[in-house]
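This report describes one protein model. Please look at the sequence and the structure before reading on.

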Amino acid sequence: MLTIKALHIIFVVSWFAGLFYLPRLFVNHAMVEDAATRERLAMMEMKLYRFMTPLGILAVVFGFWLWFGYGFAGGWLHAKTLLVIFLIGYHLYCGRLLRDFAAGRNTRSHVWFRVFNEVPVIVLAVVVFLVVLKPF
């Protein structure tokens with residue numbers, strides 16, 4: 001089970017790298033004016049999203065595997081699970097935003113994306129404290 005736990009952590013860290021960087025690309029995309037830069041950013045966003053999606057799936061798969069090995073007990077784990085479900089929704093919403101940028105339909109400002117970019121940081125902090133402290 002320690003190997004499964006290590007793989008879970010590796011894929012979570014990798015998935016979060018994408019969750020941190022993709023919205024940052026959106027910030028830049030919302031600020032640029034020239035078509036060539038917009039196209040380049042759209043390509044970078046799509047490649048990153050395609051790369052980070054399997055990482056997120058593997059993080060969740062190994063998390064389920066840990067449930068089956070250790071059980072699903074403790075309020076902290078229920079709270080963590082809700083946050084993971086939220087992150088999956090955040091990831092999928094990033095995909096929608098990406099498609100909007102690619103189609104030229106973005107209506108959000110770079111300031112909105114700067115705030116949006118902080119969401120996974122806050123979720124990660126809460127999840128780490130839940131996992132380490134197991135407060136309930």
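Asp-100 counts as buried because its relative accessibility is 16%, and the cut-off for buried is under 20%. In this predicted model, Asp-100 forms a salt bridge with Arg-105, and their closest N and O atoms are 3.0 Å apart. The structure holds one salt bridge. As a general point, side chains of opposite charge can pair when their charged atoms come close.

Which side chain of opposite charge is nearest to Glu-45? That side chain belongs to Arg-38, which is 10 Å away. Glu-45 is buried and has no salt bridge; a salt bridge needs a side-chain nitrogen of Lys or Arg within 4 Å of a carboxyl oxygen, so Arg-38 at 10 Å does not provide one. The side chain of Glu-45 does make a polar contact, at 2.8 Å, with the side chain of His-29. Glu-45 sits in helix α2, which covers residues 35–70. Leaving aside residues up to four places away in sequence, Glu-45 touches Leu-22, Leu-25, Phe-26, His-29, Leu-98 and Phe-101.

Phe-26 is in contact with Glu-45 and also with Cys-94, Leu-97, Leu-98, Phe-101 and Phe-113, again not counting residues up to four places away in sequence. The largest nonpolar core has 27 residues, and those that touch the most other members are Trp-15, Leu-19, Leu-22, Phe-26, Cys-94 and Phe-113. Two or more residues of this core come from each of α1 (2–31), α2, α3 (75–102), α4 (110–116) and α5 (119–133). Helix α1 gives the largest share, nine residues.

The protein as a whole has five helices and zero strands. Its C-alpha trace spans about 50 × 25 × 15 Å along the principal axes. Of the 136 residues, 34% are buried. Among contacts between residues at least 6 apart in sequence, 77% join residues at least 24 apart.

An unreviewed UniProt entry carries the annotation "transmembrane region" for residues 6–27, 48–70, 76–94 and 115–133. The table describes two of these spans in the model.

| Span | Distance between end C-alpha atoms | Helix | Strand |
|---|---|---|---|
| Residues 48–70 | 33 Å | 100% | 0% |
| Residues 115–133 | 27 Å | 89% | 0% |

Methods: Residues are numbered from 1 along each chain as its sequence is written. This is a predicted model: local features need pLDDT of at least 70, side-chain atom pairs count only at pLDDT 80 or more; totals for chains, interfaces and linings use all residues. Side-chain values use heavy atoms; hydrogens and water are left out. Helices (H or I, at least four residues) and strands (E, at least two) are DSSP runs, numbered from the N terminus. Buried means under 20% relative accessible area, exposed over 50%, partly exposed in between (1.4 Å probe, protein chains only). Lys and Arg count as positive and Asp and Glu as negative; His and the chain ends are not counted. A polar contact is a pair of N or O atoms within 3.5 Å; within protein, one must be able to donate a hydrogen and the other to accept it, and residues adjacent in sequence count only if both atoms are side-chain atoms. Contact means heavy atoms within 4.5 Å. UniProt positions are given in the numbering used here, feature names are shortened, and annotations may be inferred rather than shown by experiment. A nonpolar core is a set of buried Ala, Val, Leu, Ile, Met, Phe, Trp, Tyr and Cys residues joined through side-chain atoms within 4.5 Å.
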